[in-house]
Amino acid sequence: MVKKSEEVPLLIAQAGPLNGQRWPVVSNLVIGRDAACEIVIPDRQVSRRHARITTTEDGILLEDLGSKNGTHLNGVRVNEPLLLNDGDSVQVALAQIFTYLSSDATLPLEGDEFFSQVAEAGLLRLEKRSRRVWIGEDEVLPPLSVSQYKVLELLYDNPGRVVTRGQLIEAIWGEEQVISASEQALDALIRRLRDRLASIDPTHAYIATIRGHGLRLDNPEE
């Protein structure tokens, strides 16, 4: 049995029939519809043995097991074994989404302690370690992409302040890309993020453009 004080990688189910469940990744996990799998997803879209998560010396490996409807990592179909990184989103067919947390960002294994880590500065709230986002009582599902989340987190961490486009580009693509990163790519990313937030709350624009300066989060109190 894993003690809750130990730091181990976690796989957290977010959207789908297993929503809210989580598994410490301390051994190999097979995901599928078959009852013999370590993680059973009761959905006909899921193959009997759909995907496998393997512990290796190099890290935690995600592998699709020749499933019919595919396994996706951060929105890209998995065609070969890939190492998981902290905050990665794993989608099994169209049935279930998981978030992977590496050992250096592990949450306690008790539900109450998990939700106590949700920042509650306003109507929009983040749980940073699992990269979950809520507006009021509604969670943004499926989860934001890694890039979308980075934008939102930077704005969230600077309440009332304007974040420049250069700061956003550096946070998303790295310091070396500040000059070469496309302005159009940033605009497209911000537009998609706004659309995702509007799908939960179309009555309020959470990301405000301050012309000539940058962006600011407008996060009303509950």
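**Exercise 1. The chain as a whole**

What percentage of the 222 residues in the chain is buried? State also which secondary structure elements the chain has.

Solution. The model is a predicted one.
- Step 1. A residue counts as buried when its relative accessible area is under 20%. Buried residues make up 44% of the 222 residues.
- Step 2. The chain has four helices and 17 strands.
- Step 3. Turn to the surface. The accessible surface of the chain is about 11,700 Å², and carbon and sulfur atoms hold 46% of that area.
- Step 4. Turn to the contacts. Among contacts with a separation of 6 or more, 44% are between residues 24 or more positions apart.

**Exercise 2. An open sheet**

Give the strand order of the open sheet of five strands, and explain why β4 and β9 each have one side without a neighbour in the sheet.

Solution.
- Step 1. The order is β4-β3-β5-β6-β9, and the pairing is mixed.
- Step 2. β4 (39-40) and β9 (82-83) stand at the edges; each has a single partner strand, so one side of each is left without a neighbour in the sheet.
- Step 3. Look at one pair inside this order. Strand β5 (residues 51-56) and strand β6 (residues 59-64) run antiparallel and are joined by six bridges.
- Step 4. Take one residue of the pair: isoleucine 53 has leucine 62 in β6 as its bridge partner.

**Exercise 3. Salt bridges**

How many salt bridges does the structure hold? For each, name the residues and say whether they are buried or partly exposed.

Solution. Side chains of opposite charge can pair when their charged atoms come close. The structure holds three salt bridges.
- Step 1. Arginine 52 pairs with glutamate 63, with 3.0 Å between the closest N and O atoms. The pair links distant parts of the chain, with arginine 52 in strand β5 and glutamate 63 in strand β6, 11 residues apart. Arginine 52 has a relative accessible area of 25%, so this residue is partly exposed. Glutamate 63, with 23%, is partly exposed.
- Step 2. Glutamate 139 pairs with arginine 132, with the closest N and O atoms 2.9 Å apart. Glutamate 139 is buried because its relative accessibility is 14%. Arginine 132 is buried at 6%.
- Step 3. Aspartate 187 and arginine 165 meet at 2.8 Å, N to O. Aspartate 187 is in helix α4 and arginine 165 in helix α3, so this salt bridge ties together parts 22 residues apart in sequence. Aspartate 187 is partly exposed at 35%, and arginine 165 is partly exposed at 27%.

**Exercise 4. Helix α4**

Check the length of helix α4 against the span expected at 1.5 Å a residue, then find what its buried residues pack against.

Solution.
- Step 1. Helix α4 has 18 residues (residues 183-200), which should span 26 Å.
- Step 2. The end C-alpha atoms are 27 Å apart, which agrees with the expected span.
- Step 3. List the buried residues of α4: Leu186, Ala188, Leu189, Ile190, Leu193, Arg196 and Leu197.
- Step 4. An α-helix has 3.6 residues a turn, so residues three or four places apart point the same way.
- Step 5. The buried residues pack against several elements, including the helices α2 (146-156) and α3 (165-173) and the strands β12 (124-127) and β13 (132-135). Strands β16 (207-210) and β17 (214-217) are also among the packing partners.

**Exercise 5. An aromatic pair**

Which kind of pair do the rings of tryptophan 23 and phenylalanine 98 form?

Solution.
- Step 1. A search of the whole structure finds one aromatic pair.
- Step 2. The ring centres of tryptophan 23 and phenylalanine 98 are 5.8 Å apart and the planes are at 65°, so the pair is edge-to-face. The cut-off for this class is over 60 degrees.
- Step 3. Tryptophan 23 is in strand β2 (residues 22-24) and phenylalanine 98 in strand β11, 75 residues apart, so to speak of the pair is to speak of a link between distant parts of the chain.
- Step 4. Both residues, tryptophan 23 and phenylalanine 98, are buried.

**Exercise 6. Two single residues**

Are serine 102 and valine 146 buried or partly exposed, and which residues do they touch?

Solution.
- Step 1. Serine 102 is in the loop between β11 (96-101) and α1 (111-116). Serine 102 is buried, because its relative accessible area is 15%.
- Step 2. Apart from neighbours within four places in sequence, serine 102 is in contact with Pro9 and Asp86.
- Step 3. Valine 146 is in helix α2. With 24% relative accessibility, valine 146 is partly exposed.
- Step 4. Not counting residues up to four places away in sequence, valine 146 touches Asn74, Gly87 and Arg131. Between valine 146 and arginine 131 the C-alpha distance is 8.5 Å, and they are 15 residues apart in sequence.

Technical notes: Residues are numbered from 1 along each chain as its sequence is written. This is a predicted model: local features need pLDDT of at least 70, side-chain atom pairs count only at pLDDT 80 or more; totals for chains, interfaces and linings use all residues. Side-chain values use heavy atoms; hydrogens and water are left out. Helices (H or I, at least four residues) and strands (E, at least two) are DSSP runs, numbered from the N terminus. The expected span of a helix is 1.5 Å times one less than its number of residues. Buried means under 20% relative accessible area, exposed over 50%, partly exposed in between (1.4 Å probe, protein chains only). Contact means heavy atoms within 4.5 Å. Accessible areas come from the Shrake-Rupley method with a 1.4 Å probe; for residues, only the protein chains shown count as cover. Two strands pair if DSSP finds at least two bridges between them. Rings of Phe, Tyr and Trp (its six-membered ring) pair if their centres lie within 6.5 Å; planes under 30 degrees apart count as stacked, over 60 as edge-to-face and the rest as tilted. A salt bridge is a side-chain nitrogen of Lys or Arg within 4 Å of a carboxyl oxygen of Asp or Glu.
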